[in-house]
Every structure is written in structure tokens, then in C-alpha cells.
Amino acid sequence: VSCAENCDGSARFAPVGGVPPYTIEWPSGQVDNVPQGGSSTAAELCGGDFALTVTDFLGAVKVVTVTIL
């Protein structure tokens, strides 16, 4: 983020492993379907930690934490 009180950060996540395609759910409720080699981007993020839920084609779920400084 540009300044502590601004929520203008962004994050991009590119899944690897598992069986594509993937579903990525951001804490904001944004859900993206991502093909193999693709990525998901969220914008207007405030500083802090965000837990993404990543689900592959077979239903395997992994929670990944992204930190915005």
C-alpha cells in the first residue's frame, strides 16, 4: 500500500501443483476460476494478512496466506 491509511494494495496468486483448473476465493468474496498457468489478482487491499482458499479440480483444498505491507 502507498500509505498506512490507504487500501490501494494488490496481490496476485498463481497456483501450482494439484490438478487444474483451480478455484481461488479471496476474503473479500471474490472467486476466480484459474486455468493451469494462470493467476488471480485482487485489488484495493489494505495492509495485513489475507487467507486465500485454493481448491483444485479434484476438490483438494489449501489455505494460503498473503501479506500486504
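Cys-7 and Cys-46 form a disulfide in this predicted model, with their sulfur atoms 1.7 Å apart. Where do Cys-7 and Cys-46 lie? Cys-7 is in the segment before S1, whereas Cys-46 belongs to the loop between S4 and S5, so the bond ties together parts that are 39 residues apart in sequence. A disulfide is a covalent bond between the sulfur atoms of two cysteines. If you look along the S-S bond of Cys-7 and Cys-46, the torsion is about 90°, so this disulfide is right-handed. Are the two cysteines buried or exposed? Cys-7 counts as partly exposed because its relative accessibility is 35%, and Cys-46 is partly exposed as well, with a relative accessible area of 33%. The count for the model comes to one disulfide.

Now let us turn to the sheet. Four strands make up an open sheet in the order S3-S2-S5-S6, and their pairing is antiparallel. The edges are held by strand S3 (31-34) and strand S6 (61-68); each has a single partner strand, so one side of each is left without a neighbour in the sheet. On average, neighbouring strands of this sheet are turned by 25° against each other, direction ignored.

The pairing of S5 with S6 is a good place to follow in detail. Strand S5 covers residues 48-55, and eight bridges join this strand to S6 in the antiparallel sense. Two pairs can serve as landmarks: Leu-52 has Val-64 as its bridge partner in S6, while Val-54 has Lys-62. Between S5 and S6 there are five residues, and the two strands form a hairpin. Within the turn sits Gly-59, whose phi is positive at about 95°.

From the hairpin we can move on to the nonpolar core. Which residues of the largest nonpolar core touch the most other members? Of its 14 residues, they are Ala-11, Phe-13, Ile-24, Trp-26, Leu-45, Val-54 and Ile-68. The elements giving two or more residues to this core are strand S1 (9-13), strand S2 (22-25), strand S4 (40-45), S5 and S6.

Phe-13 makes a handy viewpoint for looking around. Leaving aside residues up to four places away in sequence, Phe-13 touches Ile-24, Trp-26, Leu-52, Val-54 and Val-64, along with Ser-39 and Ser-40. Two of these names will be familiar from the hairpin, where Leu-52 and Val-64 are bridge partners.

Definitions and conventions
Residues are numbered from 1 along each chain as its sequence is written. This is a predicted model: local features need pLDDT of at least 70, side-chain atom pairs count only at pLDDT 80 or more; totals for chains, interfaces and linings use all residues. Side-chain values use heavy atoms; hydrogens and water are left out. Two strands pair if DSSP finds at least two bridges between them. Axes are lines fitted to C-alpha atoms, for helices over the stretch in contact, and angles run from 0 to 180 degrees between N-to-C directions. A nonpolar core is a set of buried Ala, Val, Leu, Ile, Met, Phe, Trp, Tyr and Cys residues joined through side-chain atoms within 4.5 Å. Buried means under 20% relative accessible area, exposed over 50%, partly exposed in between (1.4 Å probe, protein chains only). Contact means heavy atoms within 4.5 Å. A disulfide is a pair of cysteine sulfur atoms within 2.5 Å.
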